[in-house]
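Colleague: I have a model open and would like to go through it with you. Can we start with the surface and work inwards?

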Amino acid sequence: ANSIAKNSDERAEYLLSNPPSDGVSSMKFSDFSDSLLVSSWDKISRLYSARDNKLLGAYESNGPILDSTFLDNTKGFIGGLSKSV
């Protein structure tokens with residue numbers, strides 16, 4: 001179930017299931033699907049179904065992940081302090 005809260009400006013906020021345990025460094029919505037790619041200082045990049053608020057997969061790097069992006073419907077890139085892409 002999606003967790004939705006209203007803030008004082010009456011904008012909806014969506015809380016991710018299985019969120020990062022440290023600061024989020026990047027969030028990208030896919031142009032090809034309802035996927036959301038989130039990178040974090042906790043060294044993990046997570047792929048969510050934005051529609052279902054479901055964690056679809058995760059990749060752990062050797063260092064904090066600073067950015068992420070989609071290439072197409074099935075591939076993405078991450079980069080960070082591990083000095084690799």
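Modeller: The accessible surface of the protein comes to about 5700 Å², and 52% of that belongs to carbon and sulfur atoms. Accessible areas come from the Shrake-Rupley method with a 1.4 Å probe, and for residues only the protein chains shown count as cover.

Colleague: What should I know about the model before I read on?

Modeller: It is a predicted model: local features need pLDDT of at least 70, side-chain atom pairs count only at pLDDT 80 or more, and totals for chains, interfaces and linings use all residues. Residues are numbered from 1 along each chain as its sequence is written, and side-chain values use heavy atoms, with hydrogens and water left out.

Colleague: How many helices and strands does the protein have?

Modeller: Zero helices and eight strands, so the pattern along the sequence reads β-β-β-β-β-β-β-β, where helices (H or I, at least four residues) and strands (E, at least two) are DSSP runs numbered from the N terminus.

Colleague: And what share of the residues is buried?

Modeller: Buried residues make up 27% of the 85 in the protein. Buried means under 20% relative accessible area, exposed over 50%, and partly exposed in between (1.4 Å probe, protein chains only).

Colleague: Give me a buried one. What does Ser49 touch?

Modeller: Ser49 lies in strand β5 and is buried, at 6% relative accessibility. Leaving aside residues up to four places away in sequence, Ser49 touches Asp34, Lys54 and Leu56. Contact means heavy atoms within 4.5 Å.

Colleague: Across the protein, what percentage of contacts is between residues 24 or more positions apart?

Modeller: That is 32% of the contacts with a separation of 6 or more.

Colleague: Back to the outside. Which residues make the nonpolar surface patch?

Modeller: Val24, Met27 and Phe29 make a patch of about 320 Å². Patches are made of residues with over 30% relative accessible area and no salt bridge; like charges are joined within 9 Å, nonpolar side chains (Val, Leu, Ile, Met, Phe, Trp, Tyr) within 5 Å. A salt bridge is a side-chain nitrogen of Lys or Arg within 4 Å of a carboxyl oxygen of Asp or Glu. Val24 is in strand β3 (residues 24-29) and is partly exposed at 44%.

Colleague: Different topic, backbone angles. Where is Lys43?

Modeller: Lys43 is in the loop between β4 (35-40) and β5 (44-49). Its phi is near 75°, a positive value in a residue other than glycine. Lys43 is partly exposed, at 34% relative accessibility.

Colleague: And Lys83, buried or exposed?

Modeller: Exposed, with a relative accessible area of 81%. Lys83 sits in the segment after β8 (76-80), and its phi, near 65°, is positive too.
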